[in-house]
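Me: I have not looked at this protein before. Please take me through it by question and answer.

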Amino acid sequence: MAHASPGQQRMDLPEGEQSTDGNHQKTKRVASLDIFRGLTVVMMILVDDAGDKWPIIGHAPWNGCHLADFVMPFFLFIVGMSIALSLKRIPNQVMAVKKVVLRTLKLLLWGLILQGGYSHAPDKLSYGVDMKKIRWCGILQRIALAYLIVAMVEIVTRNFRPEASTNVYISIFKLVGACLLVVYMGILYGLYVPDWEFTVQNVDSSYYGMHFTVHCGARGRLDPPCNAVGYVDTKVLGINHMYQHPAWRRTKACTKYSPYEGPIANDAPAWCHAPFEPEGVLSSISAVLTTIIGVHFGHVLVHLNDHSKRLTHWMSMGLFLLFLGLILHITDEIPLNKQLYSFSYFCLTAGAAALTFSAFYALWIGMNAMLVFVMAAEGIFDAFVNGWYYDNPHNTLVNWIKKHVFINVWHSEKAGILLYVIFGEIVFWAVVSGVLHRLGIYWKL
């Protein structure tokens with residue numbers, strides 16, 4: 001936890017910039033970045049806990065872009081801006097590298113605990129993971145990778161970049177981004193994907209232990225079974241270490257309940273039973289591009305003092321990326337696809353992040369984003385409350401509130417769940433974060 005005086009004001013200055021008042025140092029924050037972070041956390045809670053009942057806000061089963069598909073890019077964009085601002089005031093490269101490495105390790109550790117399979121919250125009151133099946137990738141792991149790469153480039157190259165505001169847009173990040181894009185596109189469209197096999201490892205599936213073969217023998221395909229993104233992950237990560245409940249199981253090819261979740265149809269193709277890693281190796285290379293856009297916006301904030309020039313640059317770049325992504329998708333050149341982190345998806349979501357950043361929504365929740373992510377989005381707080389049940393593990397306070405306060409009152413499970421997420425989680429954690437802010441308490445990594 002990081003502590004500050006209760007009366008500390010939020011300032012529109014680079015995060016990490018410090019002023020000394022006697023022996024006490026106060027960290028000045030970028031208010032707009034905190035607000036953007038808070039808005040993203042609210043989106044995350046909403047789509048995680050209401051997406052099952054409202055598919056239009058949940059992740060798109062394959063091609064397309066729903067509300068949930070903006071959450072990850074928004075976080076990556078925020079990480080990029082934070083890099084430009086927080087490392088600005090650490091002139092010693094060794095100290096900066098130590099800070100980056102330590103934070104990366106913390107993110108990786110939390111990622112493995114929360115999404116590697118160790119935590120079963122909030123549905124099961126148990127912990128532990130079979131190392132033969134641990135999931136190596138996840139949301140925090142992807143953020144850690146993007147943070148490490150972009151932060152290291154920022155540290156190594158900052159002494160060689162011009163400080164004049166007229167040259168602020170000239171950056172080695174353009175070269176780094178171009179190289180990453182070439183690698184990603186080259187592998188995505190050039191790698192040959194042969195036939196591959198797998199055995200169902202999900203113990204909850206009626207097909208557990210069955211062996212399937214998926215026929216591909218092609219390159220450049222972007223469909224679920226034969227894309228290079230999934231093939232790379234099977235070779236690098238191992239198929240047993242990938243996400244066992246991919247969004248593609250909600251496609252019409254896999255279930256008659258599409259776009260809702262449901263049993264896999266008896267005549268569904270073999271790949272519907274396979275795992276897929278949405279935060280895998282190749283797609284994470286493309287995801288780093290979003291963080292590079294964020295760090296560029298941070299450089300603009302640092303070096304351009306004219307508010308109107310900042311907004312002009314941000315808005316023009318955001319609109320360009322947004323429309324480029326839409327055009328690529330509409331013309332079927334490159335479909336929007338979060339699972340592949342396609343180039344059109346990168347453009348659309350980075351553009352949306354750029355345009356959203358300047359919006360000001362007074363929500364204190366952004367100042368304790370990590371706390372809310374762990375406690376709310378990952379279900380740790382619900383799991384703690386569910387641990388105190390009466391007679392039956394399903395007879396808990398959380399389930400009682402959902403049923404009697406929201407679902408039964410509105411006579412609709414869909415409406416009840418949505419209202420519970422809004423009031424029982426988003427508003428609740430906004431109040432908690434507001435209280436912690438007043439006390440000057442912040443949880444950082």
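Me: Is Asp-223 buried, partly exposed or exposed?
Reply: In this predicted model, Asp-223 has a relative accessible area of 23%. Buried requires under 20% and exposed over 50%. The value lies in between, so Asp-223 is partly exposed.

Me: Which residue forms a salt bridge with Asp-223?
Reply: The closest N and O atoms of the pair are 2.5 Å apart. The partner is partly exposed, with a relative accessible area of 30%. That partner of Asp-223 is Arg-221.

Me: How many salt bridges does the structure hold?
Reply: Side chains of opposite charge can pair when their charged atoms come close. Arg-221 and Asp-223 form one such bridge, and Arg-135 forms one with Glu-277. The number of salt bridges in the structure is four.

Me: How many residues apart are Arg-135 and Glu-277?
Reply: Their closest N and O atoms are 2.8 Å apart in a salt bridge. The pair links distant parts of the chain, with Arg-135 in the loop between H3 and helix H4 (139-157) and Glu-277 in the loop between helix H6 (228-236) and helix H7 (281-303). Both Arg-135 and Glu-277 are buried. Along the chain their separation is 142 residues.

Me: Which residues are linked with Arg-135 in a network of salt bridges?
Reply: Arg-135 bridges to Glu-277. Arg-135 also forms a salt bridge with Glu-279, with the closest N and O atoms 2.8 Å apart, and Glu-279 is buried too. The residues linked with Arg-135 in the network are Glu-277, Glu-279 and Lys-338.

Me: Which residues does Gly-280 contact, leaving aside neighbours within four places in sequence?
Reply: Gly-280 lies in the loop between H6 and H7. Its relative accessibility is 1%, so Gly-280 counts as buried. The C-alpha atom of Gly-280 is 7.5 Å from that of Val-229, 51 residues away along the chain. Leaving aside those neighbours, the contacts of Gly-280 are Cys-137, Arg-142 and Asp-233.

Me: Which peptide bond in that loop is cis?
Reply: Most residues other than glycine have a negative phi, and most peptide bonds are trans. Pro-259 is found in the loop between H6 and H7. With omega at about 10°, the cis bond is the one joining Ser-258 and Pro-259.

Me: Asp-332 and Tyr-341 lie in the loop between H8 and H9; which of them is buried?
Reply: Each has a positive phi, near 65° for Asp-332 and near 50° for Tyr-341. Asp-332 has 66% relative accessibility and so counts as exposed. Tyr-341 has 0% relative accessibility, so the buried residue is Tyr-341.

Me: Which helix gives the most residues to the largest nonpolar core?
Reply: In soluble globular proteins, nonpolar side chains tend to be buried together. The largest nonpolar core here has 80 residues, and those with the most contacts inside it include Phe-77, Ile-83 and Leu-87. With 12 residues, the helix that gives the most to this core is H2 (residues 71-86).

Me: How many residues are in the other core, which includes Phe-212?
Reply: Phe-212 belongs to strand E6 (residues 211-214), where Phe-212 and Val-214 point to one face and are buried. His-211 and Thr-213 point to the other face and are not buried. Cys-137, Ala-228 and Ala-274 are also among the members of this core, whose number of residues is 31.

Me: Which residue of E6 is the bridge partner of Trp-196?
Reply: Strand E5 (residues 196-199) runs antiparallel to E6. Four bridges join the two strands. In E6, the partner of Trp-196 is Val-214.

Me: What is the area of the nonpolar surface patch that includes Leu-105?
Reply: Leu-105 has its place in helix H3 (residues 93-115). Its relative accessible area is 52%, so Leu-105 is exposed. Val-97, Val-101 and Leu-108 make the patch together with Leu-105, and its area is about 280 Å².

Me: What percentage of the residues in the protein chain is buried?
Reply: There are 13 helices and eight strands in the chain. The chain exposes about 20,900 Å². Of its 445 residues, the buried share is 52%.

Terms used:
Residues numbered from 1 in each chain as written. Predicted model: local features only at pLDDT ≥ 70, side-chain atom pairs only at ≥ 80, totals over all residues. Heavy atoms only, no water. Buried < 20%, exposed > 50% of the residue type's maximum accessible area, 1.4 Å probe, protein only. Pairing = 2+ DSSP bridges. Areas by Shrake-Rupley, 256 points an atom, 1.4 Å probe, with all protein chains shown as cover. Patch = residues over 30% accessible without salt bridge, like charges linked within 9 Å, V, L, I, M, F, W, Y side chains within 5 Å. Salt bridge = Lys/Arg side-chain N within 4 Å of Asp/Glu carboxyl O. Core = buried A, V, L, I, M, F, W, Y, C linked by side-chain atoms within 4.5 Å. Contact = heavy atoms within 4.5 Å.
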